[in-house]
Structure formats: structure tokens, C-alpha cells
Amino acid sequence: MKAAILHGVDQPLAYEDAPDPQPGPGEVIVRLAAAALNHRDVWIQKGRYAGLKFPIILGSDGAGVVSALGDGVDGAWLGREVIVNPGTDWGDNPRAQSRGYRILGLPDNGTFAEAVKVPAQSLCIRPAHLSWPEAAALPLAGLTAYRALFTRAHLHSADRVLVTGVGGGVAIFALQFAVACGAQVFVTSGSPAKLERARAMGAVGGALYRDENWAQTLKAESGGFDLIVDGAGGAGFEQLVDLAAPGGRIVNYGATLGLPPGLDLRRVFWKQLDILGSTLGTADDFVALVQFVQTRHITPIVDQVFPLAEAEAAMRHMDAGRQFGKIVLGSG
Ligand SMILES: NC(=O)c1ccc[n+]([C@@H]2O[C@H](COP(=O)([O-])OP(=O)(O)OC[C@H]3O[C@@H](n4cnc5c(N)ncnc54)[C@H](OP(=O)(O)O)[C@@H]3O)[C@@H](O)[C@H]2O)c1
């Protein structure tokens, strides 16, 4: 098969021949119609991720047709159109993953290829209203947004919600899911055009995070937030503590901008804030995500579809941060 292979830190993805994956017991092969990028892939390429190994086929998100079954797999899966849960071996505790938790695309070969080997337990039937690129766009970012909003932060329709960096893959899902639940959603972005797109999708307000007074602007517009969903971290995180309403929740799933240089704990305890961490999700979260997307008829936003052979161009597009929504590999 063809695959986009990473041979080392800071190397471009090489479009090359790779051995066809063979299913072991309990595993299946999915012929991929589309795959999608996550920021994780860029972090791995830059060497900023734990457990690096090379060569590796990156990619945590994929959708396609089941083309081969290992021993013990229900024959009904053959030929089914599926999306893949990127996480395996979460473990027994729904509150946190086990040490054995693995994400597709490192250490195991991922979806930037014509086919991928995954456990049969990771499969979900493709929601009928989604095209292949839309289906591939859903798993990792959708799961992260779903668990952060619902399982961890218990989103309520009366919440005033802030989603930071709305152009990001996870952030757009958080916007879509919270709007679908009737919450009032505000956003931040680095781009006026992305703020406009977010408004068109139901955001009621927003601010440019590069503006000196972005936090004051949002405070004046909203009066403070019951729930803040953040994947950026960095210096702006302190302002999120200011922006949270008394009794509010801040759920963080990423640190694109690094660690916050300081955190005024007095404001955290005085305002009775919950600061929650969230990472991907359980198998139950994944099933609930797919059901939610089906029943609410949510369509993932696809920024651009690149051919698999141009996976490196897709990585540079993500690194530049110009996207609004998911960057997809496939034929469209
Ligand atoms: N814990 C988990 O399970 C998990 C899962 C997925 C992702 N993550 C992490 O979450 C982060 C986002 O991932 P992603 O795949 O959604 O990435 P992405 O699609 O590349 O999005 C990154 C976004 O960061 C935003 N951003 C940049 N500077 C910002 C600032 N100063 N303030 C606020 N936002 C800023 C940008 O928003 P604009 O485009 O609007 O300017 C950009 O679109 C990454 O660090 C990733 O590693 C963690």
C-alpha cells in the first residue's frame, strides 16, 4: 500500500510504499477513504511528543470500509462503512485512562495510508449523513470536545460558554456541540474571518486574542462565563480565570501556547472555580459522540482535502494555523 511515512524528527512526510497491514486476532483492516490531521501529528513531527519511534505512519483519524478480519472478529463487519475510535485500552476507570492507553498513529501505525489495522472494538458505523471527509474529521477532535463538554464539564443549556481558538479542530466541535444544546457561546480567534464564520455557526460574540483588551471586551459582552473550553493554555489562561463567573468551570484539553506563567490561586478558590483536565475519551464517550452527531445532525467542518500523496503540504497547512476546521487526506 501507499502511505505517508515519518522517518525522523523534523523530516517531511514521505509518500512511499509500505507493507500491507495484516490483522491479528480481534483486529480488522480498514481500507481508508479519508483520514484527518490533528495537532498531535505536528507535535510528533517536531519531536515534541512522548514515546517517539521511527519510521511511523502518523494519523489518528480515519474512515473507510472493513476489508479483512482477524480471528474471532464477527463476520458482519466485513464490507461495513466505519469510523475508527483513535484510542484503545482505556482501562477500567471511566474517570481516567490506564497507563496502557494508546492513540492510533504512535506507537501503532496510523491512518495516513491506504489501509490501517485496528481492533474490531474500535469500529463504529459511519453516520449516514456524513461524507467520507466529514466522517474522517470526527473521531479524535470530536471525542475530545465531547468528553470535555459533557462528561467532564456537564454542559447545561443555560450556560454562557467561551471556546478559545475557535479555528482549531477540537474548538469548532465544542462550538457546534454547545450551540446544538442551546448554550450561549462566545469564541476567541486570531482571525476576524474565523470570528465571522463562528458567528455564522451560532456564536453570539467573540474577540481577537491578539487584541490587548480581548478579555475585557468579552467580559463586557458576556458578564462572565459559566464554562470555558480551552486548548491553548499559555499566558492567556490566567485571563480565563478572570473571565470565569463565580462557581464556573474551566475545562482544558491542550497547551498549544505552553504552560501558564502564573496562576492566581486566590481567585480560583475565592470564586469557587472548577479547573478540569480532559483528554480524548472512553469507548462509551465515543459511542455517545457518534449518537449525538447522528441525532443532532451535526456535520464536521472540513477546511480542506489534500490527496494522501500531499500529506506533507497538509501538515504545513496545519502548522501555519490558517485552517478553519479539519484538514483531511483523501480523494473527497
Ligand atoms: N488532550 C487531548 O485529548 C487533546 C486532543 C486534541 C488536541 N489536543 C491539543 O489541543 C490543542 C489544539 O488541538 P487541535 O488539533 O484542535 O489543533 P489545531 O486544529 O491546530 O488548532 C489550534 C488552534 O489554536 C488556536 N490558537 C493559537 N493561538 C492561540 C491563542 N493565543 N489563544 C487561543 N487560541 C489560540 C488557533 O485558533 P484560531 O485559528 O482561531 O486563531 C488554532 O486554530 C493542541 O495543543 C493539541 O495537542 C489535546
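**Exercise 1. Is Arg210 buried or exposed, going by its C-beta neighbours inside 10 Å?**

Solution. A word before we start: this is a predicted model.

- Step 1: find the residue. Arg210 sits in the loop that links β13 (205-208) to α6.
- Step 2: apply the cut-off. A residue is exposed if 12 or fewer other C-beta atoms lie within 10 Å of its own.
- Step 3: decide. Arg210 has 10 C-beta neighbours inside 10 Å, so it counts as exposed.
- Step 4: place it in space. Arg210 and Cys124 are 86 residues apart along the chain, and their C-alpha atoms are separated by 40 Å.

**Exercise 2. Work out the setting of Ala63 in the same way.**

Solution.

- Step 1: Ala63 belongs to strand β5 (residues 61-69).
- Step 2: the cut-off for a buried residue is 20 or more other C-beta atoms within 10 Å. Ala63 has 30 of them, so it is buried.
- Step 3: look at its partners. Leaving aside residues up to four places away in sequence, Ala63 touches Ala33, Ala34, Val82, Ile83, Arg126, Trp132, Ala135 and Ala136.
- Step 4: try a distance. From Ala63 to Gly105 it is 42 residues in sequence and 14 Å in space, C-alpha to C-alpha.

**Exercise 3. Describe the overall build of the chain.**

Solution.

- Step 1: count the elements. The protein chain holds ten helices and 18 strands.
- Step 2: judge the packing. Its radius of gyration is 20 Å, close to the 20 Å from the globule rule for 332 residues, so the chain is as compact as a globular protein of that length.
- Step 3: take the dimensions. The C-alpha trace spans about 55 × 40 × 35 Å along its principal axes.
- Step 4: look inside. Of the 332 residues, 50% are buried.
- Step 5: check the range of the contacts. Among contacts with a separation of 6 or more, 68% are between residues 24 or more positions apart.

**Exercise 4. Which two domains does the assignment give, and how many residues does each bring to their contact?**

Solution.

- Step 1: the assignment gives domain 1 (2-138 + 300-330) and domain 2 (145-277).
- Step 2: their contact takes seven residues from domain 1 and six residues from domain 2.
- Step 3: on the domain 1 side, the touching residues are two nonpolar, four polar and one charged.
- Step 4: the C-alpha centres of domain 1 and domain 2 are 28 Å apart.

**Exercise 5. Characterise the shell around the ligand.**

Solution.

- Step 1: pick out the nearest residues. Of the 33 residues around the ligand, Gly165, Gly167, Gly168, Gly190 and Gly254 come nearest.
- Step 2: sort by class. The shell has 13 nonpolar, 18 polar and two charged residues.
- Step 3: trace the elements. At least two shell residues come from each of α1 (39-45), α3 (139-152), α4 (169-180) and β12 (184-189).
- Step 4: trace the domains. Domain 1 and domain 2 each supply at least three residues to this shell.

**Exercise 6. Find the buried face of two helices, α7 and α10.**

Solution.

- Step 1: recall the geometry. An α-helix has 3.6 residues a turn, so residues three or four places apart point the same way.
- Step 2: list the buried residues of α7 (residues 236-243). They are Phe237, Leu240, Val241 and Leu243. Seen down the axis of α7, they fall within an arc of 165°, so they line one face of the helix.
- Step 3: ask what covers them. The cover includes β11 (160-163), α6 (214-222), β14 (225-230), β15 (244-252) and α8 (265-270).
- Step 4: repeat for α10 (residues 311-320), where Ala311, Ala314, Met315 and Met318 are buried. These cover an arc of only 100° around the axis, which puts them on the same side of α10.
- Step 5: name their packing partners, which are β1 (2-6), β2 (14-17), α1, β17 (302-306) and β18 (326-330).
- Step 6: step past the end. Just after α10, Gly321 has a positive phi of about 70°.

**Exercise 7. Track down some unusual backbone geometry.**

Solution.

- Step 1: know the background. Most residues other than glycine have a negative phi, and most peptide bonds are trans.
- Step 2: spot the cis bonds. One runs from Phe54 to Pro55, with omega near -5°, and another joins Leu106 and Pro107, with omega about 10°.
- Step 3: place the prolines. Pro55 is in the loop between α1 and β4 (56-57), and Pro107 is in the loop between β8 (102-103) and β9 (115-119).
- Step 4: look for positive phi outside glycine. Leu280 has phi near 30°, and His297 has phi of about 55°.
- Step 5: compare their surroundings. Leu280, with 23 C-beta neighbours inside 10 Å, counts as buried, whereas His297, with 10, counts as exposed.

How values were computed:
Residues numbered from 1 in each chain as written. Predicted model: local features only at pLDDT ≥ 70, side-chain atom pairs only at ≥ 80, totals over all residues. Helix = DSSP H or I, 4+ residues; strand = E, 2+ residues; numbered from the N terminus. Arc of directions from axis to C-beta. Near = placed C-beta within 6 Å. Nonpolar A, V, L, I, M, F, W, Y, C, P; charged D, E, K, R; others polar. Domains from an automatic or database assignment. Rg over C-alpha atoms; globule rule 2.2 N^0.38 Å.
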